[in-house]
Amino acid sequence: VDGVFDPGEFGFIKEENYTPKEFQKDSINILIVGIDYEEGRSYEDGLGLTDMVLVSNFLPKEKKLNLLQIPRDSYVGEISGSDGKINSLMRTGPNKSDPINNLVDVIVDQYKIPIDRYISLDMDGMKAIVDTFNGIRVYVPKDMDYAGSKLPAGWQWLNGDQVEFFVRNRKGVGFERSDIDRLENQRHFYSALFRRFLNLTVTDMMNLLPVFEYYCNTDIGMKDLYDLAFSAMSLKAEDVVFCRVPGATSSNGWQADPYGYERSFFIVDVYGRGDEENPGVAWLLNTYFRTYGEQKTAEQLNFPQVTIPSNVTLYPPVVRDM
């Protein structure tokens, strides 16, 4: 990126050019959040809702990347200023100077996994990335038709606006599970975007720089960013694993809203139902995300205590490689 950032008349400090190398740490957990601004809502301090929440566990030396999808409607308990959902924490929590910590603190407390760094990207930035690539090839798992927007099932080349519909929609025929179906679509998008990033050209990188500068926030230092990207380039598809937090939503007459207002909530399943098909989040975290630090039992996690009735459908972790 030499020469992209113009220092003006002050010139450059003399130093050796930096050459990216393998990231030196054995493991790093990066929180990735997608910021959404829905029409008709007001947003304090310009902060939107974190409607995409991903915890990425990257092991550079082992060439492995594990991604944990946390549903936007996950119930996090009665936190001051919050409506009880994880996606509102960043803008409504008590920490106004470093609002990302409102989200990080709850994830660390409830999931008992450390968060080392974060990256945020708002929805317009995601669209800009796709349009910078002149579209991206995505697998659409089912026909989509809602509010005038349509996408046929199968492999499709999507532009930025189409991708926005693809990852945001949770209504219409085939989307009776709401956020669960949306998470499935987002998984297909992440996979497509990752494949595209593994084939970046120098021109792609130059074109993406202003997009990231304008739409992204991160506390990762520039040299670490280079090293992480350099290490990620050697990942193979089978070494990237997607996991979804297991749990339940309103179904079979059960209203999952602990406040009794019949709102859409996702209740995290801590214990599972004692069989291989329905393991709880404790098993998932120990298997894929405790790559440093000790294992934790379900009793050591700190999720709000909400009993999921035995007749309610549980959505399992759904662990798949890319």
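Axes are lines fitted to C-alpha atoms, for helices over the stretch in contact, and angles run from 0 to 180 degrees between N-to-C directions. On that basis, α4 and α5 pack at about 140°, and 7 Å separates their axes. The model is a predicted one. Its seven-stranded sheet is open, with mixed pairing. The briefing covers the sheet, the helix contacts and some single residues.

**The sheet**

- The strand order is β9-β4-β1-β2-β3-β10-β13.
- The edges are held by β9 (216-218) and β13 (320-321). Each has a single partner strand, so one side of each has no neighbour in the sheet.
- Helix α7 (residues 222-232) lies across β1 (28-36), β2 and β9. The helix runs at about 70° to β2.

**Strand β3 and its two partners**

- β3 spans residues 64-70. Six of its seven residues are buried, which leaves the strand mostly covered.
- On one side, β3 pairs with β2 (residues 49-59) in the antiparallel sense. Seven bridges make up this pairing.
- Two positions show the register of β2 against β3. L54 stands opposite Q69, and V55 stands opposite L68.
- β2 and β3 form a hairpin, with four residues between the strands. In the turn, K63 has a positive phi of about 55°.
- β3 also runs parallel to β10 (residues 240-244), joined by five bridges. Here L67 has F242 of β10 as its bridge partner.

**Helix α4 against α5**

- The angle of about 140° makes α4 and α5 oblique to each other, because angles over 145 degrees would be needed to count as roughly antiparallel.
- From α4 (residues 160-168), the contact takes in V163, F166, V167 and R168.
- From α5 (residues 179-197), the contact takes in R182, N185, Q186, H188 and F189.
- By class, the residues of this contact are four nonpolar, three polar and two charged.

**Helix α3 against α4**

- α3 (residues 123-132) packs on α4 at an angle of about 130°, with the axes 8 Å apart.
- These two helices are therefore oblique to each other. α3 passes α4 in a right-handed crossing.
- On the α3 side, the contact residues are M123, M126, K127, V130 and D131. On the α4 side they are G160, D161, V163, E164, V167 and R168.
- This contact of α3 with α4 has five nonpolar, one polar and five charged residues.
- V163, V167 and R168 meet α3, and these α4 residues also meet α5.

**Buried serines**

- Which residues does S191 of α5 touch, beyond its neighbours within four places in sequence? S191 is in contact with F242 and M322.
- S191 has a relative accessible area of 8%, so it counts as buried.
- Its contact F242 is the β10 residue bridged to L67 of β3.
- S88 lies in the loop between β3 and α1 (89-92).
- S88 is buried too, because its relative accessibility is 2% and the cut-off is 20%.
- Residues up to four places away in sequence aside, S88 touches L49, S82 and D83.

**Exposed residues with positive phi**

- N134 lies in the loop between α3 and β5 (136-140). Its phi is near 60°, a positive value in a residue other than glycine.
- Is N134 buried or exposed? N134 is exposed, with a relative accessible area of 72%.
- E262 sits in the loop between β11 (247-248) and β12 (267-268). E262 is not a glycine, yet has a positive phi of about 60°.
- A relative accessible area of 58% makes E262 exposed, since the cut-off is over 50%.

Key. Residues are numbered from 1 along each chain as its sequence is written. This is a predicted model: local features need pLDDT of at least 70, side-chain atom pairs count only at pLDDT 80 or more; totals for chains, interfaces and linings use all residues. Side-chain values use heavy atoms; hydrogens and water are left out. Angles under 35 degrees count as roughly parallel, over 145 as roughly antiparallel, 65 to 115 as roughly perpendicular and the rest as oblique. A crossing is left-handed if the near helix is turned anticlockwise from the far one by less than a right angle, and right-handed if clockwise. Contact means heavy atoms within 4.5 Å. Ala, Val, Leu, Ile, Met, Phe, Trp, Tyr, Cys and Pro count as nonpolar, Asp, Glu, Lys and Arg as charged, and the others, Gly among them, as polar. Buried means under 20% relative accessible area, exposed over 50%, partly exposed in between (1.4 Å probe, protein chains only). Two strands pair if DSSP finds at least two bridges between them.
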